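Trainee: I am new to this structure. Could you show me how to read its features, one at a time?
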Amino acid sequence: MQKKKGMKYVGDSRIPAENRKPNVPKDYTEYPGKTEPFWPNFLLKEWLVGAVFLIGFLILTVSAEPPLEKMADPTDSSYIPMPDWYFLFLYQLLKYSYASNEFIIFGTVIIPGLAFGALLLAPFLDRGPERRPLKRPLATGFMMLAIASITYLTWEAAANHDWEKAKAQGQIPEASIDTEDEGYKIAEANGCISCHGSDLAGNGSNPSLIGTGLTAEEIADIARNGNGNMPAGLFTGSEEELKIMAEYLANLKEEGK
Amino acid sequence: MLNRIYNWVDERLDITPLWRDIADHEVPEHVNPAHHFSAFVYCFGGLTFFIVVIQILSGMFLAMYYVPDIENAWQSVYYLQYEVAYGKIIRSMHHWGASLAIVMMFLHMLRVFFQGAYKKPRELNWIVGVLIFFVMLGLGLTGYLLPWDMKALFATKVTLNIIESVPFIGEHLKVFIAGDSEIVGAQTITRFFAIHVFFLPAALLGLIALHFIMIRKQGISGPL
């Protein structure tokens, strides 16, 4: 702001000392219809809408627990990935033969690129003066097509997803392991936990020892003689210790089962 | 008392023009749900902004506990969710708020699109709006990795494969985002964290400011 001659200022600042703007609302009587001021009339109504929305939102947040799966384990190659729901349509697109393998670029770049590019440039693609949806059939038609495609792809992705298995594969193992138990200490001393994990919940291809459904005799046999990838002779303790450990492992149950 | 404080500040800083500019803008009848119930469609944009505010606030509280590190990320989220008082609600707000923001933004976009409100002279504001849409999708994408649970890791691997398939720059882009051409790990989580918490929110706030300034300049589009 340029200082004008003859004007008085507050100290050496640029704020004029006189003729300050009065703090009164604008006159709305000249505006058409039931126009009203933003402050405070309309803002109060907006807050009402906001309050109702917030109540609904808070009910949702306390009633639906945010999902948390078990800690990321990069060695689990059998895990079926699933993006958040609003990316499902893009994800589903990659499952069609014309948008995968050698045509992957269609699924990842060209089709989404065209769709989102057209969305970004909509004002320059639909330039007529008409605003009513029915008077601009191309714009309306393409948007309807896009909505229908997104809905269909999301639906297909959700319908083809094995939700039961997805729930099971990510579950946090919830057995409370008593590390002070004699059986656990024997398992620890014999190196069981280096493969099956200190929580005995398995690790990659090494199975969980919790809730195996095996009897103590079967577990004792596996500990002595191995099973699958597990070599024989890993257990080096006495026959007495083997019995205690096998009993302990056979009695480990998954919580909630 | 309040008036005297206001006058004291106004004498020194001349804040009345600024304040009148915020307070005095007329709200036309056709966008006011109190007069026409169908005008509730004009609420979607404001509600999107409301959720953005919720996301920023709940995110600030999440950041008090969250550790962006492969050893501790999951542990810190688990601790927050099951040990911290009301931690579950804070995380729930941030988790469901993300979905709801996408829904509200989509509805707002459909309202503007089907009313043809993006036409001259409002082309620039439409473009800024679509950029906000992209930034929000980016926030959703990067936020999905941060809890470092199974779905986070494997969904991110898919995302990185998609990015890798982009011709010419795909490889570089993937290394830029993940921090390594093969490993999705410590580097990835810190990068996603920085993008989610610093880069994208900064971009989002700048774009939202532009969005609002343009609305104030041009006024809301008239009735059909």
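**Reading a two-chain model**

Mentor: Start with one residue. B:M136 is in helix α6 of chain B, which covers residues 123-145. Keep in mind that the model is predicted.

Trainee: Is B:M136 buried or exposed?

Mentor: Check the relative accessible area. Buried means under 20%. B:M136 has 8%, so B:M136 is buried.

Trainee: Which residues are in contact with B:M136, leaving aside neighbours within four places in sequence?

Mentor: From chain B, they are B:T48, B:V52, B:A101, B:I102, B:M105 and B:L204. Now take a distance along the chain and one in space. B:F106 and B:M136 are 30 residues apart along the chain. Their C-alpha atoms are separated by 11 Å.

Trainee: Next, the pocket. How much space lies in the largest pocket?

Mentor: About 1,600 Å³. Then ask about the lining. It has 49 residues. Those nearest the centre are A:E46, B:G45, B:G46, B:F212 and B:I215.

Trainee: Which elements supply at least two residues each of that lining?

Mentor: From chain A, α1 (38-63). From chain B, β1 (26-27), α3 (43-62), α5 (87-114), α6 and α9 (186-218). The most comes from α3(B), with 9 residues. Helix α6 is also where B:M136 sits.

Trainee: How many residues of the lining are nonpolar, polar and charged?

Mentor: In the largest pocket, 31 lining residues are nonpolar, 12 are polar and 6 are charged.

Trainee: Now the interface. How many residues does each chain bring to the contact?

Mentor: Chain B brings 90 residues and chain A brings 76. Then look at area. The two chains bury about 7,500 Å² between them. Carbon and sulfur atoms account for 71% of it. On the chain B side, B:F114, B:K119 and B:M150 supply 10% of the area that chain B buries against chain A, more than any other three residues.

Trainee: How many salt bridges does the rule find across this interface?

Mentor: The rule finds 4. One salt bridge joins the side chains of B:E26 and A:K26, at 3.5 Å from N to O. The cut-off is 4 Å, so this pair counts.

Trainee: One last residue. Where is B:Q81 placed, and what does B:Q81 touch?

Mentor: B:Q81 is in helix α4 of chain B, residues 73-82. Set aside residues up to four places away in sequence. B:Q81 then touches A:E65, A:P66 and A:L68 in chain A, and B:K88 and B:R91 in chain B.

Trainee: Why does B:Q81 count as buried?

Mentor: Because its relative accessible area is 2%, under the 20% limit.

Terms used:
Residues are numbered from 1 along each chain as its sequence is written. Chains are lettered from A and ligands numbered from 1 in the order in which they are written. This is a predicted model: local features need pLDDT of at least 70, side-chain atom pairs count only at pLDDT 80 or more; totals for chains, interfaces and linings use all residues. Side-chain values use heavy atoms; hydrogens and water are left out. Helices (H or I, at least four residues) and strands (E, at least two) are DSSP runs, numbered from the N terminus. Buried means under 20% relative accessible area, exposed over 50%, partly exposed in between (1.4 Å probe, protein chains only). Contact means heavy atoms within 4.5 Å. On a 1 Å grid over the protein atoms alone, a cavity is a set of points where a 1.4 Å probe fits but cannot get out, and a pocket is an open set with protein on both sides within 12 Å along at least five of seven lines; lining residues have an atom within 4 Å of a point. Grid points are joined across faces, edges and corners, and a volume is the space filled by probe spheres set on the points. Ala, Val, Leu, Ile, Met, Phe, Trp, Tyr, Cys and Pro count as nonpolar, Asp, Glu, Lys and Arg as charged, and the others, Gly among them, as polar. Buried area is the accessible area (1.4 Å probe) that two parts lose on being put together, summed over both.
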